[in-house]
Each structure stands twice: as structure tokens, then as C-alpha cells.
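Me: I am new to this structure and would like a careful look at a single part of it, with the surroundings brought in afterwards. Please take your time and keep the answer connected.

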Amino acid sequence: MSTSTIKLLRPALYLLALAFFTNASVSLYTHLTGRSPDLSFNPSAFAQSPAPLLGARGLYMTPAQLTPSVFGFYIFDVDSSTVSMYSVAPNANKLKFVAARSFKHDRFLEDYNTEGLSPKEVETLVNKQRNRTELKNQTDTPTVEQPTTEPADK
């Protein structure tokens, strides 16, 4: 390395050494006192903050990234238990309806994890699940009609 390159790298090396020293100091402070230092960060400094959920009166909207280059948003209608998805094409100034689904019965499924179910199929699965639960809760009631037998000593 030439001396001019070393002269250019020297400030960067000092800055790097300062960062390591600061990190070691904070780690030592945390270890010795058992508590972390009171540092406050501005939430906007973080790379990605959670998307806000905006809404009122049963309608909620949240932004979404649908693909690496396509953005849009979801609208949740709590009263009718539906979710709708829209994509936004900023170059064409267009809003495109992508999909909608009722989640009225989806939220009652306990043991299912695959795609391709229509809301009606989900309703059928939920009803079957409820019937199994009801049968399990009826432990004292026989599931098959039992014949009655009278004592032979009468």
C-alpha cells in the first residue's frame, strides 16, 4: 500500500475504532449494572415500521406490497366479515380490484393449512368440526340408540 492510501484510510480506521470502543463500553455497562442504558430512538429511524391500520365503523384499510414492484391495499369489512384487495398502478393512475373473500367461517377453522378452499367449503369444514366437538362433549349420551332390556325375574 502506498502512503497516500494509508493517509486516506487513517480517519476511517479511527472512526471504526471509536465505534468498537463505544460498543464495548455499552456492553460492559450492561454487564456490570444488569440493566441496559436508557437510549431513545426515533421510530422513523427504523427501516420498516409496521403498516398502519386505518379505519372506523367496521371498515379498515392497510397498505400492502403485493409483489416486488406492485403495491396496493386491503380493506377489511368487519361487519360483513370480508376482505378485499386492490392494486395500484401509479404509472397508469388506475386502481384495480384483485380479490375478495368472506372470512366469516375461516376464523373458526382450527386444523387446516392449505389453499384453494372456497368460502362454502370452509363453512362445510367448520360445520363438520363443530359436529365432532359436540359429539365429544356428549360423553354421557350414547351416540347409538340402545335397546332396552327388562329384567327376566318379573
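Where is the place of Ser81?

Reply: The model shown here is a predicted one, and what follows should be read with that in mind. Ser81 has its place in the loop between strand E3, which covers 71–77, and strand E4, which covers 82–89. Within that loop, Ser81 has a positive phi of about 55°, although it is not a glycine. Most residues other than glycine have a negative phi. The relative accessible area of Ser81 is 8%, and because buried means under 20%, Ser81 counts as buried.

From the loop one can go on to strand E4 (82–89) and to the contacts of Lys96. Lys96 belongs to strand E5, residues 94–102, and it touches Met85, Tyr86 and Ser87, when residues up to four places away in sequence are not counted. For one of these contacts there is also a distance: Lys96 and Met85 stand 11 residues apart in sequence, while their C-alpha atoms are 8.7 Å apart in space. Lys96 has a relative accessibility of 56%, and because the cut-off for exposed is over 50%, Lys96 counts as exposed, whereas Ser81 is buried.

The salt bridges come next, and their count is 2. Side chains of opposite charge can pair when their charged atoms come close. In one salt bridge Asp106 pairs with Arg101, with 3.0 Å between the closest N and O atoms; Asp106 is partly exposed at 24% relative accessibility, and Arg101 is partly exposed at 28%. In another, Glu123 pairs with Lys120, and here the closest N and O atoms are 3.3 Å apart. Glu123 and Lys120 both lie in helix H2, residues 119–137, where they are 3 residues apart, or about one turn of the helix. With 24% relative accessibility Glu123 is partly exposed, whereas Lys120, at 56%, is exposed.

A last stop is the surface, where Leu13, Leu16 and Phe20 form a nonpolar patch with about 330 Å² of accessible area together. Phe20 is found in helix H1, which takes in residues 3–33, and with a relative accessible area of 54% Phe20 is exposed. To return to the part you asked about, Ser81 is a buried residue in the loop between strands E3 and E4, and its phi is positive.

Notes
Residues numbered from 1 in each chain as written. Predicted model: local features only at pLDDT ≥ 70, side-chain atom pairs only at ≥ 80, totals over all residues. Heavy atoms only, no water. Patch = residues over 30% accessible without salt bridge, like charges linked within 9 Å, V, L, I, M, F, W, Y side chains within 5 Å. Areas by Shrake-Rupley, 256 points an atom, 1.4 Å probe, with all protein chains shown as cover. Salt bridge = Lys/Arg side-chain N within 4 Å of Asp/Glu carboxyl O. Helix = DSSP H or I, 4+ residues; strand = E, 2+ residues; numbered from the N terminus. Buried < 20%, exposed > 50% of the residue type's maximum accessible area, 1.4 Å probe, protein only. Contact = heavy atoms within 4.5 Å.
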